[in-house]
There are 2 protein chains.
Amino acid sequence: MKLLLLGFGTVGQGLAELLINKETELRKGYGLDIQVVGISDMLKGSLHNPKGIDLRAALDLAKAGKMISELPGAFDGDALAMIEQCEADMMVEATYTDIKTGEPATSHIRTALEKGMHVTTTNKGPTALYFQELNDLARSQGVEFLYEGTVMSGSPMLNLARETLAACTISEVKGILNGTTNYILTRMEEGMGYEDALKRAQELGYAEAVPDADVLGWDALAKVTIIANAMFGVKAKPDDFPCQGITEITAEAIADAKARGKRYKLIGKVWREGNLVKASVAPEEVDLSHPLAGVMGGTNAITFTTDILGDVTIVGPGAGRAETGYSALMDIIHAGGKR
Amino acid sequence: MKLLLLGFGTVGQGLAELLINKETELRKGYGLDIQVVGISDMLKGSLHNPKGIDLRAALDLAKAGKMISELPGAFDGDALAMIEQCEADMMVEATYTDIKTGEPATSHIRTALEKGMHVTTTNKGPTALYFQELNDLARSQGVEFLYEGTVMSGSPMLNLARETLAACTISEVKGILNGTTNYILTRMEEGMGYEDALKRAQELGYAEAVPDADVLGWDALAKVTIIANAMFGVKAKPDDFPCQGITEITAEAIADAKARGKRYKLIGKVWREGNLVKASVAPEEVDLSHPLAGVMGGTNAITFTTDILGDVTIVGPGAGRAETGYSALMDIIHAGGKR
């Protein structure tokens, strides 16, 4: 399989490391012999080498803060030119996320699908905003459009729903989809004020300097929208659903909930109500006996409510270099692996 | 696909209901057109009908306490004779569990595999005692030997490990594998004594009149042994591992743990230590911040510790008619379904 990587930041590098470290398992377990034939990165330079890029060398350069285009096959076109020219079987779209416009990632994905490439993306922008269009395009082209990393990063929630809950009817999906706000709420329950907890999250690198996308619930809303489109078959955009963040929760409200055996969590959920599919992001008091209540710090979790099994919950990482890279690797195996 | 059901109790009937209720999904989603051509049950009678048994009628008779052999195709041989004569593609072994000898289920499975049938079982006896032999036999015959229902009933933990954590290396699997003891510990933490909590569990049908298999840890030990064999590749039997139940935990110990922010759980685990694979069942103090700590009552849960994702936990039902039937259905789809 010939692979094109768009974006060589955290996710792209995390995936490159896995491709090196898991080479034997991929070949033996799935018959997958993977060559990266193109890397396009706005800051680190671009490479096109039909014989396969030396990933170890590219990683070493990127870590040293150097341009990867020092290696053989320097390419001076942009990402779209790369997609057109590099004859890849699958593209990994891991450029920066713009959850307002979805660009430039949406254009990258559209072009790759039109060229007949499978696509996996870890990018919430295009997946939340243009899910049905991209999914339909992939079907009409006979290729896969995959996006495991967009919701719970490496924790395989979409895979779990697709592969192992497949014969169940799922009536509700609800979860803790944003690690930053969960970390802040955990610290606040321990007695820290909102501002201090946010500052601590920023110091640890969990929260951005401008934390709006996390604390106002937009990140969780994008994920909720992906779930609504991918698992409930609606054609919805983030603006279609109500969204409330954690900025108005007071330390008093958290202490009061705790005294009543409850815990505040920022809950994103999608559920059926008659023939309608509804979705929301809002802080909710979760009973301490619910599996989501015990999910603390930066961890993510999702509960599926099903007709046959009742509730099934998956708890796992919601971010991280290797973790998000793993989600792309799972999608690559899904698209091209043989058992 | 022609199916043979051995045992028409809770699991067999739960599966039969799913085969009726999910008929359309199975055909459309997986290209599976399933006919049950044989049912063998020691108490309810046996049927062999190559044209397909009327499952609705068989369920109605079983629920009314009547013999299913009132229907066309009454068969008066035993289970082994049925396996020999009914030309099925796959056998569902759901007769009673004997975790000391594994019989008669082991003989049923061996015979079916030798006849070239796929086998799914929800029976811990043969799977814990003879895993490697049965697995090797299935491989040499080119058929599947599947056993999703033996560990967490319908919660798809083996499926999760096989399908979605496949590219990870798993270094430890640990979990709450027995709902009865978890229910008793939950009640004890609320202040009930051991004897009262056990009696309550018996009244609710969670615990047997002779509760040894649960409270002494044998049920969890059988599951741990299945995990060690299936996921860690050892050739082990239950007696190879230390096993301690919950009968010696006092209310004082539970209260003391609670005061220190810990919670007693009966933990079954399998882990690598250098080149060795170790396993055990024993009560452990679990930190309240661990996802397993929040698993209360009859629910089961398993945490996989992986090289790439760190900890991933699945929480779900550990028993139930439809739930266990679902595990067999998942295995049937795995063996015969097309995507």
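Partly exposed here means a relative accessible area between the buried limit of under 20% and the exposed limit of over 50%. With that in hand, B:R27 at 41% relative accessibility counts as partly exposed. The model shown in these views is a predicted one.

**Figure 1. A salt bridge within helix α2 of chain B joins B:E23 and B:R27.** Let us begin with the residue just introduced. The side chains of B:R27 and B:E23 meet with 3.3 Å from N to O. Both residues belong to helix α2 (residues 23-30) of chain B, where they sit 4 residues apart, about one turn of the helix. B:E23 is partly exposed, its relative accessible area being 42%.

**Figure 2. Helix α3 of chain B carries a salt bridge between B:D60 and B:R56.** Here the N to O distance is 3.9 Å. Because B:D60 and B:R56 are 4 residues apart in helix α3 (residues 55-63) of chain B, about one helical turn separates them. B:D60 has a relative accessible area of 44% and is partly exposed. B:R56 is partly exposed as well, at 37%.

**Figure 3. In chain A, a salt bridge links A:R260 to A:E285.** The closest N and O atoms of this pair are 2.8 Å apart. A:R260 lies in the loop between α14 (251-259) and β8 (262-273), while A:E285 is in strand β9 (residues 276-287), so the pair ties together parts of chain A that are 25 residues apart in sequence. How accessible are the two partners, A:R260 and A:E285? A:R260 is partly exposed with a relative accessible area of 42%, and A:E285 is partly exposed with 31%. To place this view in context, a search of the whole structure finds 38 salt bridges over all chains. Elsewhere in chain A, the residues A:E17, A:K63 and A:R321 are linked in a network of such bridges.

**Figure 4. Domain 1 and domain 2 of chain A meet at an interface.** The domain assignment gives domain 1 as 2-154 + 321-336 and domain 2 as 167-317. Their contact takes 16 residues from domain 1 and 23 residues from domain 2. Taken over C-alpha atoms, the domain centres are separated by 29 Å. About 1500 Å² of area is buried between the two domains of chain A, and carbon and sulfur atoms give 72% of that area. How many salt bridges does the rule find across the interface of these two domains? The rule finds 1 salt bridge there. A:K124 forms a salt bridge with A:D219, with 3.3 Å between the closest N and O atoms.

**Figure 5. Chain A and chain B share an interface with 2 salt bridges across it.** In this view, 36 residues of chain A are in contact with 35 residues of chain B. The area buried between the chains is about 2900 Å², with 61% given by carbon and sulfur atoms. For a close look at charged side chains, turn to A:D307 and B:K22, which meet in a salt bridge at 2.7 Å, N to O.

**Figure 6. A nonpolar patch on the surface is formed by A:M42, A:L43 and A:Y96.** Together these residues have about 430 Å² of accessible area. A:M42 is placed in the loop between β2 (35-41) and β3 (45-48) of chain A. Is A:M42 buried or exposed? A:M42 counts as exposed because its relative accessibility is 75%, and the limit for exposed is over 50%.

**Figure 7. Backbone details of chain A include a cis peptide bond and a positive phi.** The peptide bond from A:E103 to A:P104 is cis, with omega near 5°. A:P104 lies in the loop between β4 (90-93) and α5 (105-114) of chain A. The second residue to look at is A:S153, a residue other than glycine whose phi is near 55°. A:S153 belongs to the loop between α8 (149-152) and α9 (157-164) of chain A, and A:S153 is buried at a relative accessible area of 3%.

**Figure 8. Chain B has a cis peptide bond from B:E103 to B:P104 and a positive phi at B:S153.** Omega of the cis bond is near 5°, and B:P104 is in the loop between β4 (90-93) and α5 (105-114) of chain B. Phi of B:S153 is near 55°, and B:S153 counts as buried at 3% relative accessibility.

Notes: Residues numbered from 1 in each chain as written. Chains lettered and ligands numbered in written order. Predicted model: local features only at pLDDT ≥ 70, side-chain atom pairs only at ≥ 80, totals over all residues. Heavy atoms only, no water. Patch = residues over 30% accessible without salt bridge, like charges linked within 9 Å, V, L, I, M, F, W, Y side chains within 5 Å. Areas by Shrake-Rupley, 256 points an atom, 1.4 Å probe, with all protein chains shown as cover. Salt bridge = Lys/Arg side-chain N within 4 Å of Asp/Glu carboxyl O. Helix = DSSP H or I, 4+ residues; strand = E, 2+ residues; numbered from the N terminus. Buried < 20%, exposed > 50% of the residue type's maximum accessible area, 1.4 Å probe, protein only. Domains from an automatic or database assignment. Contact = heavy atoms within 4.5 Å. Buried area = accessible area lost by both parts, 1.4 Å probe.
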